[in-house]
Amino acid sequence: MLLAYALSSGITSGALYALVAVGLVLCYRTTGHINFSHGELFMIGGFLAFTLHVMWGLPYIVALLGAVAGSFVLGVFTDRVVYQPLIKAPPIAMVMATVGLSFVLKGIGRHFWGGQGEVVPFPPLVSPAPVLIGGVAVFPQQLVVIASVAVCMLLLTLFFTRTRAGKMMQATAENAHAAYLVGIRVERVYMLTWGAGAALAGVAAVFVAPLTLLTPDIGLSLLLKAFAATILGGLGSMTGAVIGGLLVGILEALAGTYIASSIQDVSAFIIILAVLVFRPTGLLGARARREV
């Protein structure tokens, strides 16, 4: 029974990490850079939904669409203000710029939605009363999270395989110079990529917010766990990000249940270190070859 509860909790958390990790991988595959402000984009998306749904009394679906749209606009802003001016700069410049942006967004969150340590409750989409599935008590909102992540992954698959924009993003990810030569406007693809990555973070925030407490400082912890998922699955693989996210969530829950609750928050660091030592390319990452 304890194992089943840990697994259900871990799968729910893992689904969240997977969705955020896919946004990280999306930006990395297309631009070659990790967006270290991705966790704060999640935080802003959650608070946008809170403002629309709780403070203004708008329906949940309107809050969802508004949060996703706002997150997308914020992602486009990130591209225009942070990425495009530094597109030819050394990689460390992009790292410092996105880290700096994360602190700016965190400051905005503290200013508008509370100071450090203050949390904001978000009402659940469905009844908070747990239901029994196979003798295991599961919160309905957990099922909503898992189902929403599955739907998002299906829509992403259809987007990349059936739409022109998705195919252009894949072409740019494979070879940006070749994509430019065949007439693809690479700058617009970059803008769409940053916006789409932020929108995924917004979707994750809206569905997961009822299961946790929103705080302006939630972004860093989530970023580390999503980054651990991308490292575990393979930095350039979206499928690996999904698998890695689920594994990180399950391992985190099992560690907190059977070892010690104090190790749960550091399990992401342990996973990153272990993967970098024993399999640097991750589970589904391709090994790079270099001639010397």
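**Close-up views of a predicted model**

**Figure 1. Asp 79 and Arg 80, a salt bridge with one buried partner.** With a relative accessibility of 0%, Asp 79 counts as buried. Let's start here, in a model that is predicted. Arg 80 has a relative accessibility of 44%, so this residue counts as partly exposed. Asp 79 and Arg 80 join in a salt bridge, and their closest N and O atoms are 3.8 Å apart. How many salt bridges does the structure hold? There are four salt bridges in the structure, and the pair of Asp 79 with Arg 80 is one of them.

**Figure 2. Arg 110 and Asp 217, a salt bridge between distant parts of the chain.** The closest N and O atoms of Arg 110 and Asp 217 lie 2.6 Å apart in this salt bridge. Arg 110 sits in helix α4, while Asp 217 belongs to the loop between α8 (186–208) and α9, and the two are 107 residues apart. Are these partners buried or partly exposed? Arg 110 has a relative accessible area of 31%, so it is partly exposed. Asp 217 is partly exposed as well, because its relative accessible area is 23%.

**Figure 3. Lys 106, a buried lysine with no salt bridge.** Here we stay in helix α4, which covers residues 91–113 and holds Lys 106. Which side chain of opposite charge is nearest to Lys 106? That side chain is Asp 217, at 4.2 Å, and Lys 106 is buried but has no salt bridge. As a general point, side chains of opposite charge can pair when their charged atoms come close. A salt bridge here needs a side-chain nitrogen within 4 Å of a carboxyl oxygen, so the cut-off is worth keeping in mind when you look at this view. Apart from neighbours within four places in sequence, Lys 106 is in contact with Glu 40, Met 43, Pro 216 and Asp 217. You have met Asp 217 already, as the salt-bridge partner of Arg 110.

**Figure 4. Lys 225 and Glu 252, a salt bridge with two buried partners.** The side chains of Lys 225 and Glu 252 meet in a salt bridge, with 3.0 Å from N to O. Because Lys 225 lies in helix α9 and Glu 252 in helix α10, the pair ties together parts that are 27 residues apart in sequence. Lys 225 has a relative accessible area of 10%, so it is buried. Glu 252 is also buried, with a relative accessible area of 3%.

**Figure 5. The largest pocket and its lining.** Glu 252 appears again in this view, among the residues nearest the centre of the largest pocket, together with Ser 13, Tyr 17, Leu 211 and Thr 212. The lining is made up of 25 residues, and the pocket holds about 600 Å³ of space. Two or more lining residues come from each of α1 (2–31), α9 (218–233) and α10 (238–258). Which element gives the most to the lining? The answer is α1, with seven residues. Sorted by class, the lining has twelve nonpolar, ten polar and three charged residues.

**Figure 6. Leu 74 and its contacts.** Leu 74 is part of helix α3, residues 60–83. Its relative accessible area is 18%, so Leu 74 is buried. Setting aside neighbours within four places in sequence, Leu 74 is in contact with Leu 41, Ile 44 and Leu 105. From C-alpha to C-alpha, Leu 74 and Leu 222 are 18 Å apart in space, and 148 residues separate them in sequence.

Technical notes: Residues numbered from 1 in each chain as written. Predicted model: local features only at pLDDT ≥ 70, side-chain atom pairs only at ≥ 80, totals over all residues. Heavy atoms only, no water. 1 Å grid on protein atoms, 1.4 Å probe; cavity = no way out; pocket = protein on both sides within 12 Å on 5 of 7 lines; lining within 4 Å. Points joined across faces, edges and corners; volume = space filled by probe spheres on them. Helix = DSSP H or I, 4+ residues; strand = E, 2+ residues; numbered from the N terminus. Nonpolar A, V, L, I, M, F, W, Y, C, P; charged D, E, K, R; others polar. Buried < 20%, exposed > 50% of the residue type's maximum accessible area, 1.4 Å probe, protein only. Lys, Arg positive; Asp, Glu negative; His and termini not counted. Contact = heavy atoms within 4.5 Å.
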